[in-house]
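Q: I would like to learn how to read pockets and ring pairs in a model. Where do we start?

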Amino acid sequence: MKRLDLPAAAPVFQPGDACQGLPVVLAGCVRVEMTGASGHRIVLYRMEESDLCTLSIGCLMTGRGYRAEAVVEERATAVLIPRAVFRSAMARSDGFRQAVMAAYGRRLDDLMMLVEEVAFHRMDERLREWLAERRQKRVLNLTHQAVAVELGTAREVVSRLLKEMEKQGWVRLSRGTIEVLPALWADHGDG
């Protein structure tokens, strides 16, 4: 196994790259996202302590290259289980195989929920829920573009919806920050 010390903003893999092995994050955070033909991006998932890379599992099992990219969001340490070791462990170790498939199944469930949100929920609802989930921070140091990537939409859509939320008294906006006000969840019974 190879130890990887990854600085913030470092690319881990990009679309089309061949999978060299299975990364396992030991510390820090790596964001996996996809960019559509329109240029819009969406965060698929994040890998934090003890997380396996689901896309890497798929690439190792199918022999195909990556269809998304991974970027270090917060300085990370990981180990890379080489392709040959991964294949051998999958064939010989029932415990390893079960752990890999359990991680794969959990992430697949998460991705199915993401698809459901994107396909079946209105963007204003998704934005309100996303903000309400982060209300303990109160002030989010994020650009409208960063929020758009999280939700898989255009910056212009997020900006328009945030302006409307500001008129409703749910958020207070300033350059690079979004202050989540108690009215956001009070008006919607999220107490």
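**Pockets and ring pairs**

A: This is a predicted model. The second largest pocket holds about 390 Å³ of space. Of its 16 lining residues, T54, L55, G58, R67 and Y104 lie closest to the centre.

Q: Which elements give two or more residues to the lining of the second largest pocket?
A: Strand 4, helix 1 and helix 3 do so. Helix 1 gives the largest share, 5 residues. By class, this lining has 9 nonpolar, 4 polar and 3 charged residues.

Q: How is empty space found, and what space lies in the largest pocket?
A: Rolling a probe the size of a water molecule over the atoms shows where empty space is left. In this structure, the largest pocket contains about 950 Å³. It is lined by 29 residues, with V43, R46, W130, R134 and E150 nearest its centre. The lining of the largest pocket comprises 12 nonpolar, 2 polar and 15 charged residues.

Q: How many aromatic pairs are there?
A: Ring centres must lie within 6.5 Å to pair; the count here is 2. F13 and Y66 are stacked, at 3.6 Å centre to centre with 5° between the planes. F13 lies in strand 2 and Y66 in the loop between helix 1 and strand 5, so this pair ties together parts 53 residues apart in sequence. Both F13 and Y66 are buried.

Q: What is the geometry of the F86 and F96 pair?
A: F86 and F96 are edge-to-face, at 6.0 Å centre to centre and 75° between the planes. The pair links helix 2, which holds F86, to helix 3, which holds F96.

Q: Why does F86 count as buried?
A: Buried means under 20% relative accessible area. F86 counts as buried because its relative accessibility is 2%, whereas F96, at 21%, counts as partly exposed.

Methods: Residues numbered from 1 in each chain as written. Predicted model: local features only at pLDDT ≥ 70, side-chain atom pairs only at ≥ 80, totals over all residues. Heavy atoms only, no water. Phe/Tyr/Trp six-rings, centres within 6.5 Å; stacked < 30°, edge-to-face > 60°. Helix = DSSP H or I, 4+ residues; strand = E, 2+ residues; numbered from the N terminus. Buried < 20%, exposed > 50% of the residue type's maximum accessible area, 1.4 Å probe, protein only. 1 Å grid on protein atoms, 1.4 Å probe; cavity = no way out; pocket = protein on both sides within 12 Å on 5 of 7 lines; lining within 4 Å. Points joined across faces, edges and corners; volume = space filled by probe spheres on them. Nonpolar A, V, L, I, M, F, W, Y, C, P; charged D, E, K, R; others polar.
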